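Subject: Structure for your review

Dear colleague,

Please find below the structure that I am handing over to you. My notes on it come after the display.

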Amino acid sequence: MELLRGSRDDRALRTAALLRRSHPADKELQLAGLLHDMGQMLRPGDRARHAVLAAEAVRPLLGERVARLVRLHAPAGAADGADGADGPGGDADAVATLRQARETAAACGPDAGVLEDWRPLLELVAAGARRAAGNAIDPLGLPRGSVPGPGGRGAGRGAGATSWPERSP
């Protein structure tokens, strides 16, 4: 949040606001719109790699899809490696939508609101990314009576472990 507050341009806020209106269910796309130019703040003057830098910064916090959208937002043929939107994840439509919102926000856009409005969504997506990355064991632990299986995961039903103790009649 501090890094984003340092930006003098509210185009990222306008981009995210446009995406919130046009794609209200796609939270990751909205955050990609908010964060797409973060690389320019991380390393000012390195416009050739700004999308890659931003993607590397957000990946551990917000997950692979947000990072991929941020990386691919640059126009096709840019030095950022913006081609490959149809690769893993198949986000070509989302990338095109992000690019269009970015261009629209550059010309003019809706009231962008304030950065703090995005904190709950950032926290929600970050929590989901942590769950996906650490899917081995739930923070609450394994269900009572389960046996850890390969890779530290619970063996689950039908694999020799029971989730609940058997009751006798």
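The notes below go from the whole chain to one helix, then to the salt bridges and two single residues.

Please bear in mind that this is a predicted model.

Overall architecture

The protein chain contains 8 helices and 0 strands, and from the N terminus its elements run α-α-α-α-α-α-α-α. It has 169 residues, of which 38% count as buried. The accessible surface amounts to about 9,900 Å², and carbon and sulfur atoms account for 54% of that area. If one considers contacts between residues at least 6 apart in sequence, 55% of them join residues at least 24 apart.

Helix H7

Helix H7 covers residues 92-107, 16 residues in total. From its first C-alpha to its last it reaches 23 Å, close to the 22 Å expected at 1.5 Å a residue. Its buried residues are Ala-94, Val-95, Thr-97, Leu-98, Ala-101, Arg-102 and Ala-105. Viewed down the axis of H7, these buried residues fall within an arc of 160°, so they line one face of the helix. The general background is that an α-helix has 3.6 residues a turn, so residues three or four places apart point the same way. The buried residues of H7 pack against three elements: helix H2 (11-22), helix H3 (27-35) and helix H6 (64-72). On the other side of H7, Asp-93, Gln-100 and Ala-107 are exposed.

Salt bridges

The structure holds 9 salt bridges. As general background, side chains of opposite charge can pair when their charged atoms come close. Three of these pairs are described here.

The side chains of Asp-26 and Arg-65 meet in a salt bridge, at 2.7 Å from N to O. This pair links distant parts of the chain, with Asp-26 in the loop between H2 and H3 and Arg-65 in helix H6, 39 residues apart. Both Asp-26 and Arg-65 are buried.

Asp-91 and Arg-68 form another salt bridge, in which the closest N and O atoms are 3.0 Å apart. Here too the pair links distant parts of the chain: Asp-91 lies in the loop between H6 and H7, and Arg-68 in helix H6, 23 residues apart. Asp-91 and Arg-68 are both buried. A network of salt bridges links Asp-26, Glu-28, Arg-65, Arg-68 and Asp-91.

Glu-103 forms a salt bridge with Arg-102, and the closest N and O atoms of this pair are 3.6 Å apart. Arg-102 is buried, with a relative accessible area of 9%, whereas Glu-103 counts as partly exposed because its relative accessibility is 47%.

His-73 and Met-38

His-73 is found in the loop between H6 and H7. With a relative accessibility of 1%, His-73 counts as buried. Leaving aside neighbours within four places in sequence, His-73 is in contact with His-36, Asp-37, His-50, Ala-51, Leu-98, Arg-99 and Arg-102. Among these partners, Leu-98 and Arg-102 are also buried residues of H7.

Met-38 belongs to helix H4 (residues 38-42). Its relative accessibility is 9%, so Met-38 counts as buried. Not counting residues up to four places away in sequence, Met-38 touches Leu-3, Leu-4, Ala-54, Ala-57 and Val-58. The C-alpha atoms of Met-38 and His-50 are separated by 7.4 Å, and the two residues are 12 residues apart along the chain.

Yours sincerely

Note on methods:
Residues are numbered from 1 along each chain as its sequence is written. This is a predicted model: local features need pLDDT of at least 70, side-chain atom pairs count only at pLDDT 80 or more; totals for chains, interfaces and linings use all residues. Side-chain values use heavy atoms; hydrogens and water are left out. Helices (H or I, at least four residues) and strands (E, at least two) are DSSP runs, numbered from the N terminus. Buried means under 20% relative accessible area, exposed over 50%, partly exposed in between (1.4 Å probe, protein chains only). Contact means heavy atoms within 4.5 Å. The expected span of a helix is 1.5 Å times one less than its number of residues. The arc is that of the directions from the helix axis to the C-beta atoms. Accessible areas come from the Shrake-Rupley method with a 1.4 Å probe; for residues, only the protein chains shown count as cover. A salt bridge is a side-chain nitrogen of Lys or Arg within 4 Å of a carboxyl oxygen of Asp or Glu.
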